[in-house]
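Good morning, and thank you for joining this short presentation. Please bring up the sequence and the structure, and we shall go through several places together.

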Amino acid sequence: MATTTSSFMFLKLPTSFPCHTRIGSLRSSKLINAQSSDIQKEHVVIVGGGIAGLATALSLHKLGVRSLVLEQSESLRTGGTSLTLFKNGWSVLDSIGVANYLRTQYLEIQGMVVKSEDGRELRAFNFKEEDESQEVRAVERRVLLETLAAQLPPDTIQYSSRLVKIEPSSNGDTLLEFTNGSKLLAQIVIGCDGIRSPIAKWMGFSEPKFVGHCAFRGLASYSDGQPFKPRVNYIYGKGLRAGYVPVSPTKVYWFICFNSSSPGPKTTDASMLKKEAKELVENWPQELLNIMDSTPDDTIIKTPLVDRWLWPTISPAVSAGKVVLVGDAWHPMTPNLGQGACCALEDAVVLAKKLAGAINSGDSSVEEAFRSYGNERWPRVFPLTIRANLVGSALQWDNPVVCSVRNNIVIPKLVRLGPLLEHTNFTSESL
């Protein structure tokens, strides 16, 4: 698998992208003349207050550029469970000055163990033995967002700002209109508005594609301390897999990934989600079921897994004028490599450096900075998106013969972890 997917690294980025003529539902073809005095005017606007948006805002702040973050919710979206950050993610967090604070709260994961659904250990790995510089920790999404937000100047985040309309103005700025009727004129717009990004749709990007798997996720809580070793635990079945990892001395993150022909209905009943998840693995190791029993219902979520492949010459460019995309808004990927959040963090610092350079020096245009950002990031995120998809497909095999070969030959004898972690070799210098 590593050999197959790594071959995509040799694809070359075209020097230019074709003009994309597709118009999304939010796009207006006419240019407006936005001179009204009641329209709020801003220099740099970031749409979306998730990990990508807050990391971009903090990176710009460190480089002396003020931005306004527009978040559609009434407060930080602190739902969700946890996410795993590898050394590339920690390098970015170091560069923006928040890593050490987070390290004090979360366990460093030493390695991983892979088991079959009957509890038989197939293989164990130690991260440091594979790569001495590797650093792996699972972090609560809520705490990561709160930490990033706390480092921003007051009034950087404007809540209850749900975007409903985007229009280009006659002078090259962008007019944003919100559900409450207010309008904002931005010189520069950075779309960090997630997988279902309205800005990406406006720019002509296709909807992310469902990959045929859904996932349950939860965060177990142990008031007297969790009992597990600091390692990732994977359990592979037929068309079904699960995993769990200690996050902190009192929290354990878990997931169950299962094949599905469609995303299925959205379920908000938390107790029903736990029941459905447990039924999938009712005959699996009791340790996993005990973790699920220790999970507060309100931390359990179910999501369809989606991605978007950024094919050269077919996909739109990452920017259109002075509008640009970051993170999941541009390159949603499946979580099979643990790189979604890490790549969003990488995007944030790369874009911030190029944009701040253009703004502060005046020697280059914002549009050129955005093109340079796309040229640098595309050769990284496109292959990773494909690799994550292919790894997930291989792990979701449901053919009994193929699964037997995977569990008895491929994993115990053929898999090497080192090459599978080469994608974490990204270093961010201090801002």
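**Helix H12 and its surroundings**

I begin with leucine 414, which lies in helix H12. Please keep in mind that this is a predicted model. Is leucine 414 buried or exposed? Leucine 414 counts as exposed, because its relative accessibility is 57%, and exposed here means over 50%. Together with Val401, Val405 and Ile409, Leu414 makes a nonpolar surface patch of about 360 Å². As background, an α-helix has 3.6 residues a turn, so residues three or four places apart point the same way.

Let us stay in helix H12, which covers residues 400-414, and turn to arginine 406. Arginine 406 is buried and yet has no salt bridge. Which side chain of opposite charge is nearest to arginine 406? That side chain is glutamate 117, at a distance of 6.3 Å. A salt bridge would require a side-chain nitrogen within 4 Å of a carboxyl oxygen, which is why this pair does not qualify.

Arginine 406 does have polar partners. A polar atom of its side chain lies 2.8 Å from the backbone oxygen of glycine 237. In addition, the side chains of arginine 406 and asparagine 407 are joined by a polar contact of 2.9 Å. Leaving aside residues up to four places away in sequence, arginine 406 touches several others, among them Tyr236, Trp397 and Pro412.

**Helix H6**

How many of the 10 residues of helix H6 are buried? Seven are, so that this helix, residues 141-150, is mostly covered. The buried residues of H6 include Val143, Leu144, Leu145 and Leu148, and also Arg141. As for their neighbours, the buried residues of H6 pack against helices H2, H3 and H4 and against strands S3, S6 and S7.

**Serine 271, serine 160 and threonine 313**

Serine 271 is found in helix H8, residues 270-280. At 41% relative accessibility, serine 271 counts as partly exposed. Its C-alpha is 5.7 Å from that of aspartate 297, although the two are 26 residues apart in sequence.

I close with two backbone angles. Serine 160, in the loop between S7 and strand S8, has a positive phi near 55° although it is a residue other than glycine. Serine 160 is partly exposed, with a relative accessible area of 39%. Threonine 313, likewise not a glycine, has a positive phi of about 70°. The place of threonine 313 is the loop between strand S15 and strand S16.

Note on methods:
Residues are numbered from 1 along each chain as its sequence is written. This is a predicted model: local features need pLDDT of at least 70, side-chain atom pairs count only at pLDDT 80 or more; totals for chains, interfaces and linings use all residues. Side-chain values use heavy atoms; hydrogens and water are left out. Helices (H or I, at least four residues) and strands (E, at least two) are DSSP runs, numbered from the N terminus. Buried means under 20% relative accessible area, exposed over 50%, partly exposed in between (1.4 Å probe, protein chains only). Lys and Arg count as positive and Asp and Glu as negative; His and the chain ends are not counted. A polar contact is a pair of N or O atoms within 3.5 Å; within protein, one must be able to donate a hydrogen and the other to accept it, and residues adjacent in sequence count only if both atoms are side-chain atoms. Contact means heavy atoms within 4.5 Å. Patches are made of residues with over 30% relative accessible area and no salt bridge: like charges are joined within 9 Å, nonpolar side chains (Val, Leu, Ile, Met, Phe, Trp, Tyr) within 5 Å. Accessible areas come from the Shrake-Rupley method with a 1.4 Å probe; for residues, only the protein chains shown count as cover.
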